[in-house]
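Visitor: I am new to this structure and would like a close look at a single part of it. Please begin with one residue and work outwards from there.
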Amino acid sequence: MRVNKNIKNFLNYFLGPALFAWLAFTIYRHITHQPQLETSWQMIKASFSSSKALYLVAAFLLVFVNWGIEAWKWQLSVASVHRVSFLRAFEAVLSGVSFSVTMPNRIGEYLGRMIYMPEGSRLRTIAVTIVGSFSQLLVTLIAGFAGLVVLRKELLATYPQLVIWYQFIIYGLLVIIILLLVVYYNTSRGVPLFDKWIRNRRYHYLVEALGFFHAHMLSRLLLISFLRYLVFIAQYILVFYLFEVSVGTVLSAWVMSVVFLALAVVPSITLVELGVRGQITLQLMGIFSPNALGIGLATVSIWFINLIFPAVIGSLLILNHRIFRKQEDTII
């Protein structure tokens, strides 16, 4: 236990901040070495004093649509365990964001949502919440695969050293998507498999709700995840317009699909993710636009309004929520 604590402290207080500092410095150098930096900055300042400032307002308002869609998806997912109202689901999702800020790969989202479920249903919530997250991952992988295919010529022209590996990535990703779709649409079969592997019926309750996920429900979750994905894309396009990143709407959508794909396979915590997200976006969007400053500012803006702002709201909601109504009422 001592070793685990030391490792956790190392990751939280040294490795994470050090990696973030390195990524931030790399992005800073990339931006400061861009040609016509002063021109880009003047154009960005002019955008805030014009009607283009409405792009930022629209992107900010879409954060409620973004997490509202996620709340709707979670509400449907946990219905077989315990029915919750949309408002309660929305509060749970925002609280999950506040937990996820300091935990790797946002696993804290599960913890934050669990506390809004009644005692006895909290652990059962984990399996069904994972299914909802799985649907979002599938959408990200499928869209990212399409983006790699569409942008193949431009990416290989910029990174010719990846010519051989590109084919492996494309076909490997296609195989992974097919396998994951098979697993996803056989979610309900996870119950008998669990019973077969874990013969102790004491833990059956943890997965019994998976039997609720028939093909129609799973397809519905995928559609909802796709709608949320479109909101992500729309937010980026809006801030790109604001910060004078002159890339077409459709092209921006394809580039960001590849960015989201890369982020999906790179483990990180929220603080470090800003640096990772910024570096990946600069490398890919920079192929089509020389405005590195605008790309960097757009990345920071989306990170703030989609993660930090909801996390602050979620923290306030948690303070207002009676987690420990009784001494034995713990987060399990």
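Where does S252 stand, buried or exposed, and what is its relative accessible area?

Guide: S252 is buried, with a relative accessible area of 1%. Buried means under 20% relative accessible area, exposed means over 50%, and partly exposed covers what lies in between, with a 1.4 Å probe and protein chains only. Before going on, note that this is a predicted model, in which local features need pLDDT of at least 70 and side-chain atom pairs count only at pLDDT 80 or more, while totals for chains, interfaces and linings use all residues. Residues are numbered from 1 along each chain as its sequence is written, and side-chain values use heavy atoms, with hydrogens and water left out.

S252 belongs to helix α11, which covers residues 249–265. Helices here are DSSP runs (H or I, at least four residues), strands are E runs of at least two, and both are numbered from the N terminus. Leaving out residues up to four places away in sequence, S252 touches I237, F240, V247 and M285; touching is a contact, with heavy atoms within 4.5 Å. With V247 there is also a polar link: the S252 side chain reaches the backbone oxygen of V247 at 3.4 Å. Such a polar contact is a pair of N or O atoms within 3.5 Å; within protein, one must be able to donate a hydrogen and the other to accept it, and residues adjacent in sequence count only if both atoms are side-chain atoms.

One of the residues touched by S252, F240, leads to a group of rings. Y229, F232, Y236, F240 and F260 make up one aromatic cluster. Rings of Phe, Tyr and Trp (its six-membered ring) pair if their centres lie within 6.5 Å; planes under 30 degrees apart count as stacked, over 60 as edge-to-face and the rest as tilted. Across the whole structure, 13 aromatic pairs are found. In one of them, Y184 and Y185, the centres are 5.3 Å apart and the planes stand at 85 degrees, so this pair is edge-to-face. Y184 is buried at a relative accessible area of 0%, whereas Y185 is partly exposed at 33%. Back in the cluster, Y236 and F240 form a tilted pair, 5.9 Å centre to centre with 50 degrees between the planes. Both residues lie in helix α10 (residues 215–242), four residues apart, about one turn of the helix. Y236 and F240 are both buried.

Helix α10 also holds R228, whose charged group bonds to helix α3: the side chains of R228 and E70 meet in a salt bridge at 3.1 Å, N to O. This pair ties together parts that are 158 residues apart in sequence, because R228 lies in helix α10 and E70 in helix α3. R228 counts as buried at 7% relative accessibility. Salt bridges that share partners join E70, K73, R113 and R228 into one network. A salt bridge is a side-chain nitrogen of Lys or Arg within 4 Å of a carboxyl oxygen of Asp or Glu, and by this rule the count is three. E70 pairs with K73 at 3.2 Å, N to O, and with R113 at 3.0 Å, N to O. E70 in helix α3 and R113 in helix α5 (residues 108–114) are 43 residues apart. E70 and K73, in contrast, are three residues apart in helix α3, which separates them by about one helical turn. E70 is buried at 5%, and K73 counts as buried at 2% relative accessibility.

R228 has a further partner: its charged end sits over the ring of W67, 4.5 Å from the centre. That wording requires NZ of Lys or CZ of Arg within 6 Å of the ring centre and within 35 degrees of the ring normal.

K73 leads on to a second serine. The backbone oxygen of K73 lies 2.9 Å from a polar atom of the S77 side chain. S77 is in helix α3, residues 53–77, and is buried with a relative accessible area of 1%. Not counting residues up to four places away in sequence, S77 touches V128, G132, F213 and L221.

Finally, the chain as a whole. Its secondary structure comes to 13 helices and zero strands. Of its 332 residues, 45% count as buried.
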